[in-house]
Amino acid sequence: MWWGVGAALVANALYSVGFVVEKRALGSLPALSAGRPLRVIRVLLTSPLWIVGALALAAGFGAQLVVYRALPIAAAQGIFVSGLVLLLLLSSAVLGEESTGRERYALGGVLVALLMVVASVREGEDVVSGGAPWALVLLVCVPALGAGVWLYVQVERRAAKRHRVPTSGIGYGVAVGLLYGVSSLAIKGTSSRLTGTDLGEAALSLLASPYPYLLLFTAGAGLVMSQTALQRCRASLIVPVCTTVTSLFTAVLGTLAFGETLPDDPLLLALRVGGTALALSVLLAMPRHDPQPAAPS
């Protein structure tokens, strides 16, 4: 269990550094539009700094594969979201982004919620699942992908209107978080297939499952959507929202899909369910728009 915790902390650091480096690179790139995905990819690949950030995220993906081999889904999500503290520190030091008081209180609420989830895990009592029925995985993932893309399109339409209130990025974060939630379940499924010593047999088993195809879609669509949103909004807001949605989606639906049972102890069950409900409540209470800039004197 503890080497899984270590891998999760490494993944946290890699993801935080990757997002901040990408945000720094996006500031010097032309405006991106999710409606032109090929142009988005072409523009991103012209930036060496952005490529460094993308490589950090890819390394975080590799660490996440290790995590899901060692930890239950709910416990892994609790540790992943704790990395938001490092992200906020980096976004403040490197990007000069300042969170509002309400957002800092919200982040504190999210951390408390996910500490509750982590506290509900007991070594030796939680079972790490090795797989899930494909039909059930698709039943969970396909509607989430549709909802994420639909929500992103709606936010884009509102953002294109004249005289709109400046968006804080909540809608973008929720939409991308749903895609990354599906990706997280696909990573969990992929890790369960990469077992044994016969690499050829493992590869065939993986290709016969829906997981690599879910990963390909979420990687492509998530790249275009997340980078467009990250260019327009503060990393210190959009990434925590995205991470919270991803973690809640994965912890709740992933636990059900992969058959990882909830704790039998009433106190541990209350911690896990209460922590999930608190994180969702904080997300719904966060401001939907950035404050209007002060008028020049």
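What follows is a chat between a trainee and a mentor about this predicted model.

Trainee: Hi! Before we start, is this model predicted or experimental?

Mentor: Hello! The model is predicted, so let's keep that in mind as we go.

Trainee: Okay. How many helices and strands does the chain have?

Mentor: The secondary structure comes to 12 helices and zero strands. Read along the sequence, the pattern is α-α-α-α-α-α-α-α-α-α-α-α.

Trainee: And what share of the residues is buried?

Mentor: Of the 297 residues in the chain, 51% are buried.

Trainee: Let's talk about open space. How much of it lies in the largest pocket?

Mentor: The largest pocket holds about 860 Å³ of space. It is lined by 31 residues, and the ones closest to its centre are Tyr15, Phe19, Leu57, Gln64 and Tyr180.

Trainee: Which helices supply at least two residues of that lining?

Mentor: Quite a list: helix H1 (2-26), H3, helix H4 (73-82), helix H5 (84-95), H8, H10 and H11 each supply at least two residues of the lining of the largest pocket.

Trainee: What's the mix of nonpolar, polar and charged residues there?

Mentor: The lining of the largest pocket has 17 nonpolar and 13 polar residues, plus one charged.

Trainee: Now the closed spaces. How many cavities of 30 Å³ or more are there?

Mentor: The count comes to three cavities of 30 Å³ or more. The second largest cavity has a volume of about 90 Å³.

Trainee: Which residues line that second largest cavity?

Mentor: Its lining is made by Phe19, Gly173, Val176, Tyr180, Ser226, Gln227, Leu230, Ile238, Val239 and Cys242. You've met two of those names already: Phe19 and Tyr180 are among the residues closest to the centre of the largest pocket.

Trainee: And by helix and by class, what does the cavity lining look like?

Mentor: By helix, at least two residues each come from helix H8 (170-193), helix H10 (211-232) and helix H11 (235-257). By class, the lining of the second largest cavity has seven nonpolar and three polar residues, with no charged ones.

Trainee: Speaking of charges, how many salt bridges are there?

Mentor: By the rule used here, the count is one salt bridge. Glu156 pairs with Arg232, and their closest N and O atoms are 2.2 Å apart.

Trainee: Which parts of the chain does that pair tie together?

Mentor: Glu156 lies in helix H7 (residues 134-159) and Arg232 in helix H10, so the salt bridge ties together parts that are 76 residues apart in sequence.

Trainee: Are those two buried or partly exposed?

Mentor: One of each. Glu156 counts as buried because its relative accessibility is 18%, under the 20% cut-off. Arg232, at 38% relative accessibility, counts as partly exposed.

Trainee: Switching to the outside: which residues make the nonpolar surface patch?

Mentor: Leu38, Ile41, Leu45, Ile51 and Leu55 make a nonpolar patch of about 480 Å² on the surface. Helix H2 (37-44) and helix H3 (48-70) each supply at least two residues of the patch.

Trainee: How exposed are Leu38 and Ile41?

Mentor: Both lie in helix H2, Leu38 and Ile41 alike. Leu38 is exposed, with a relative accessible area of 66%, while Ile41 is partly exposed at 32%.

Trainee: Where does Leu38 sit relative to Val224?

Mentor: Leu38 and Val224 are 186 residues apart in sequence, and their C-alpha atoms are 8.7 Å apart in space.

Trainee: Any other pairs like that? Say, what about Val17 and Leu87?

Mentor: Val17 and Leu87 are 70 residues apart in sequence and 7.4 Å apart in space, C-alpha to C-alpha. Val17 lies in helix H1 and is partly exposed, with a relative accessible area of 39%.

Trainee: And Ala186, buried or exposed?

Mentor: Ala186 is in helix H8 and counts as buried, at 0% relative accessibility. Its C-alpha atom is separated by 9.4 Å from that of Thr218, 32 residues apart along the chain.

Trainee: Last one: where is Asp265 found?

Mentor: Asp265 is in the loop between H11 and helix H12 (266-285). At 38% relative accessibility, Asp265 counts as partly exposed. The C-alpha atoms of Asp265 and Ser120 are separated by 9.2 Å, with the two residues 145 apart along the chain.

Definitions and conventions
Residues are numbered from 1 along each chain as its sequence is written. This is a predicted model: local features need pLDDT of at least 70, side-chain atom pairs count only at pLDDT 80 or more; totals for chains, interfaces and linings use all residues. Side-chain values use heavy atoms; hydrogens and water are left out. Patches are made of residues with over 30% relative accessible area and no salt bridge: like charges are joined within 9 Å, nonpolar side chains (Val, Leu, Ile, Met, Phe, Trp, Tyr) within 5 Å. Accessible areas come from the Shrake-Rupley method with a 1.4 Å probe; for residues, only the protein chains shown count as cover. A salt bridge is a side-chain nitrogen of Lys or Arg within 4 Å of a carboxyl oxygen of Asp or Glu. Helices (H or I, at least four residues) and strands (E, at least two) are DSSP runs, numbered from the N terminus. Buried means under 20% relative accessible area, exposed over 50%, partly exposed in between (1.4 Å probe, protein chains only). On a 1 Å grid over the protein atoms alone, a cavity is a set of points where a 1.4 Å probe fits but cannot get out, and a pocket is an open set with protein on both sides within 12 Å along at least five of seven lines; lining residues have an atom within 4 Å of a point. Grid points are joined across faces, edges and corners, and a volume is the space filled by probe spheres set on the points. Ala, Val, Leu, Ile, Met, Phe, Trp, Tyr, Cys and Pro count as nonpolar, Asp, Glu, Lys and Arg as charged, and the others, Gly among them, as polar.
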